[in-house]
Structures are given as C-alpha cells and as structure tokens.
Amino acid sequence: MSPRDWHEAWGAVAEDALARAVSTLPPAPAPGILDVGAGLGMAWPALAARGGPITAIETDADLVAASRPRAASLGVEVHHADVRSWLDRGDARYGLIWAGDVLWCNYFPDPQAIVHRLMQSLVPGGRLAVFTGNCMPAGSCGATPTSSAPCFE
Ligand SMILES: C[S@@+](CC[C@H](N)C(=O)[O-])C[C@H]1O[C@@H](n2cnc3c(N)ncnc32)[C@H](O)[C@@H]1O
C-alpha cells in the first residue's frame, strides 16, 4: 500500500474523529497554525475553523502533491519539508501547532527533543495539540511495531 493509499484509507475512517478532536480546541491565537506531518490534510477543514492562516509541513512529496487541491480550496500553505528543518530555518512562531498521528518513534526517535522544539515555536499562550491513535505499547519507543491491534476505536 502506498503512503497515499494508506492516507486515503485512514481519512475515510478517521476524518470525523480528527474533526471532533480539533473542534475541542479553543480558537488559535495569531499568527496562525502549523500542521506537522499533514499527510493529505485531513485535519485542515476543522483547523481552518479554529483560525488561520495554516502552514502545513509534510516530508512525503507524493502526499504534498496530492494535498494541493484541498490546500488551495482552504488557503493552506503546504511545504515539502522536514518539520525540524522548517523550524530551524528561522524564528517562526505559531498560535496552535497540530501534530496529528505524527509524534511517533519511527518518525522522531527522540520524542522529547521534537516536543521541546515544537513548544519553543509557540507564541505566549499558544498551544501544542497532539492527536495519537496509540498504536505502540507504552515504553516501546525504538522497538519495531508488531501489533496488528486497531489503532483507534
Ligand atoms: C501517520 S501520518 C498522519 C497524517 C495526518 N497528520 C493525518 O492525521 O491524517 C504521519 C505523517 O507525517 C509525515 N512526517 C513524518 N515525519 C515528518 C517530519 N519530520 N516532518 C514532516 N512530516 C513528517 C509522514 O510523511 C506522514 O505523512
């Protein structure tokens, strides 16, 4: 299954849950929202209702290309980049950082470092929101995922 197929299947079952999670957040303070590991942008409609503008960062070029029509319709600025490099480019700050099913050990072997980096990229009063399907047992950081248990209910 390609990343794009995976994300389309994921979106079909999870888009409502993502929207519900985002809708629990307060409005995002200026200057805007950062979506980390945006995939196909499943969270964007809900994020757009929290404020804007939205900047989305995604490392997979195919997903970036596939997300462009949705990005254009919602005014989302999408970048093909690693979020760590993106944040290291300057001193950008955000009112809300959304990390939807991306703060996983396979992507970020040092979870504390990326959480710290994201927190540094918030304006005062800003918020880091982390959504996770909890696919990995506690304490398994660095291990190979072997469970086929459902990632969410
Ligand atoms: C499991 S998907 C979740 C996608 C989306 N947030 C959603 O909920 O539908 C994680 C995404 O994060 C991207 N990603 C992984 N590491 C990244 C990094 N360092 N910077 C930006 N994107 C990253 C992956 O390519 C993948 O598309």
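This report covers confidence, the ligand shell, one helix pair and some backbone features of a predicted model.

**Confidence**

The chain has a mean pLDDT of 88. Of its residues, 86% reach 70 or more. Residues 144-153 stand apart from that average: pLDDT stays under 50 there. For this stretch the model has 8 contacts beyond four places in sequence.

**The ligand shell**

The shell around the ligand holds 20 residues. Gly-37, Gly-39, Val-83, Gly-100 and Tyr-107 come nearest to the ligand. Three elements give two or more residues to the shell: helix H1 (3-23), strand S2 (54-58) and helix H4 (83-88). H1 supplies the largest share, with 3 residues. By class, the shell has 10 nonpolar, 5 polar and 5 charged residues. Both domain 1 (51-81) and domain 2 (86-133) take part, each with at least three residues in the shell.

**H1 against H3**

H1 also packs on helix H3, residues 61-74. The two axes lie 9 Å apart and meet at an angle of about 50°. An angle that is neither under 35 degrees, nor over 145, nor within 65 to 115 counts as oblique, and H1 and H3 are therefore oblique to each other. On the H1 side, the contact is made by Pro-3, Arg-4 and His-7. H3 answers with Asp-62, Leu-63 and Ala-66. This contact has 3 nonpolar, 1 polar and 2 charged residues.

**Backbone features**

Most peptide bonds are trans, and most residues other than glycine have a negative phi. Two peptide bonds in this model are cis, and both lead into a proline. The table lists them with their omega values and the loops that hold the prolines.

| Cis peptide bond | Omega | Loop holding the proline |
|---|---|---|
| Ala-30 to Pro-31 | near 10° | between H1 and strand S1 (33-36) |
| Gly-52 to Pro-53 | near 0° | between helix H2 (44-48) and S2 |

The loop with Pro-31 thus starts from H1, the helix that gives 3 residues to the ligand shell. The loop with Pro-53 runs to S2, which gives two or more residues to that shell.

Asp-101 is a further case. Its phi is positive, about 50°, although Asp-101 is not a glycine. Asp-101 sits in the loop between strand S4 (94-100) and helix H5 (111-120). Gly-100, one of the residues that come nearest to the ligand, is the last residue of S4.

Methods:
Residues numbered from 1 in each chain as written. Predicted model: local features only at pLDDT ≥ 70, side-chain atom pairs only at ≥ 80, totals over all residues. Near = placed C-beta within 6 Å. Helix = DSSP H or I, 4+ residues; strand = E, 2+ residues; numbered from the N terminus. Nonpolar A, V, L, I, M, F, W, Y, C, P; charged D, E, K, R; others polar. Domains from an automatic or database assignment. Axes fitted to C-alpha atoms, helices over the stretch in contact; angles between N-to-C directions. Contact = placed C-beta atoms within 7 Å. pLDDT = per-residue confidence, 0-100.
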